[in-house]
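Below are some notes on the cysteines and on one loop residue. Please read them with the model open.

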Amino acid sequence: MIKLLNLSLLLVLLQTSPILRAQVSIMPAKAAAGDTVTISFDPRGSAAPSTAGPFFVDFGYSNFYELPNRIPMQQQHGRWQVQVKLPPYANFSCFTISDKDKKFVQQASDSSQYEIYIYKQGKLIAGNYLGKSYSLPVQNKTSDRIVALQEHYLKEELRLYPDNYEARLRLIALQMKEGSPARQAQLLKEGLAVIEKKFRSNPLSEGNLNKVTMGYLILGQNQKVDSIRRVVVDEFPNEKIGISYRLNTLLREPDSSAVVAGVQQLLERRNDSNKEAFGSAYEYLFSYHVQRGDSAAARTYLPLITTWEPDPYKWRAYRNYVQLMLDHQILLREASRLNLYVLDSVAAYPVSLIRYFPETGYLVAHDPARADKIEAVKAEIMASQGLLAARLNQPEAARQWFARSIPTLKSPALLRAVAGQYQQWNDAESALPVLESAYQQAPFDPKIRQLLEDAISLRGIRTADRQAYFSKLDRQWKQHYYQEFAKTIGSSPFPAAFSIVDMARRPLGPQDLEGKIVVIDFWATWCKPCIASFPYLHQVYKKYADDPRVKFVVLNSGSGNSWDDAYKWAQANPQFDFPFYYNQDKKLSNKLGITSIPTTLILDSKGNIRFRKVGFEGEKLLQSLDAMIEYLKEQE
């Protein structure tokens, strides 16, 4: 029988083991949501070098959304400590302790991390063992018993809390993977019955319906998500949730005239109980009339779409309304007032990930760069205010707003617009540095480069001198990246043994990478962010395609894909002519610590991983990846 390692048992182990006793403690033993937990680490007796430090707590799994995943510890009398105030919605979490570069990592064991369970009045709250089951792939990435362990902890969750809906469905989903076809059918029937019961418990609650949708996805019944929405529409057509679902379908129609007619019909059903469902309808009608230049009709809907609370994303929507009115030169005074309202409230702007749960409301994720992001948004709002002032024939006010925004403005589109406004005023002297800033923010944008070339041509810069001019600008924007690289660059060796083949099944060997700066981009055919990043990755590839010092390896990770999948996708997408490869080493991702894709590794000519990029960056990839390659070339 598998013994449960709860927090109490962990503390017993800490007391009985001479090695562990000197290393990690977690107090209080039975922490409750809202408590302050003290985590202490004594490196003496551990494998940490005597010169190691500072140390950090790294959460591998937690629902502490508003806290950073990595928290620095403070040294006190030879021990390192950190205090963590658990949020009111806290549940199970696990963590390791590591040094700055994660060259030293302290875990509870080779196969488990340290764990914090959450109690209430001395009893484990619901969700602890569910969270434990989720954490197992993170705690022990190489175990071949993860599924069995997950099943065990889900059963423990249900033993304590038989009505845990998500745990019940997760357990059924796991058991379906191992069962015979007949058993799978039986389990699916049981799972669908659980979902149906959940739906009928509160069919008019959007939060409850979200859980119903989640249930179908857990069981792999994605097609039933739309069917349950049809059930809601059929059974509750005039309730708030029914109206919302009908609008969701209607507003996706391509024929705008038909959409407007359908919206007007639905508006005839509006009453006190469902009126909050019509926000998206008012938004559509406002946009429809703005694009057609009907200021009177658009003005009718503007108050209706600028009043709802407390959704933090409203500020982003308001900015979109401002830009729409500015683009179509309509309701400019209203746009100006709305823009100033957003500026006054910029501290609440949603620049970080925000999660919403009915039990907690909106939770803003910790973001160490939040202050800088807010300043960037503030500059954009001020630039828009300047453009609005210019359109309202207030040139002095416009210049003042531009002067305030330009020093921190990073939006290429707004920099272009501001430069264009200066050019309309025949102020080429002010336009040029703004265009230079636009180029430094988007040096791969051909339109910005052409505008800048036209501007410097008017300044009398000869064609022969233009390359030097642009090289100087390139050095300037890259220097900002280089300063950051000096602080964050890593140096871990890429595995010497791997099994990678190209689209002709020819092996890629270490000799093919030797002496080159190598860009390895992990992707899969099912990964939409991976595919979305390809146009930007391809632009950088084309710049270095003929450079013998740089090699691109666009590597299908092998996760959920066969070689045939990768080959067929590459053949079907000839616009991406960079070299595709397929990973045959199923342990390579674990060796490299890759837990999600897209992930891009940049190796130096000695085979060391110097940079790691995780997630979809969009257009930012152009500059950051280019700068990384150039930085390593200069370091050679």
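Which cysteines form a disulfide, and how far apart are their sulfur atoms?

1. The model is predicted. In it, cysteine 527 and cysteine 530 form a disulfide, with 2.3 Å between their sulfur atoms. The pair is accepted because the cut-off for a disulfide is 2.5 Å between cysteine sulfur atoms. By this rule the count is 1 disulfide.

2. The link of cysteine 527 and cysteine 530 is right-handed, with 75° about the S-S bond.

3. Are the cysteines of this link buried or exposed? Cysteine 527 has a relative accessible area of 4% and is therefore buried. Cysteine 530 is buried as well, at 0% relative accessibility. The cut-off behind both calls is under 20% relative accessible area.

4. Cysteine 94 also counts as buried, because its relative accessibility is 0%.

5. Where does alanine 31 lie? Its place is the loop between strand E1 (24-27) and strand E2 (36-41). Despite the loop position, alanine 31 is buried, its relative accessible area being 0%.

6. Which residues is alanine 31 in contact with, once neighbours within four places in sequence are left aside? They are Val37, Leu86, Tyr117, Ile118 and Tyr119. Of these, Val37 falls in the range of strand E2 (36-41).

7. As for long-range placement, alanine 31 and glycine 593 are separated by 562 residues in sequence. In space, their C-alpha atoms are 31 Å apart.

Note on methods
Residues numbered from 1 in each chain as written. Predicted model: local features only at pLDDT ≥ 70, side-chain atom pairs only at ≥ 80, totals over all residues. Heavy atoms only, no water. Buried < 20%, exposed > 50% of the residue type's maximum accessible area, 1.4 Å probe, protein only. Helix = DSSP H or I, 4+ residues; strand = E, 2+ residues; numbered from the N terminus. Contact = heavy atoms within 4.5 Å.
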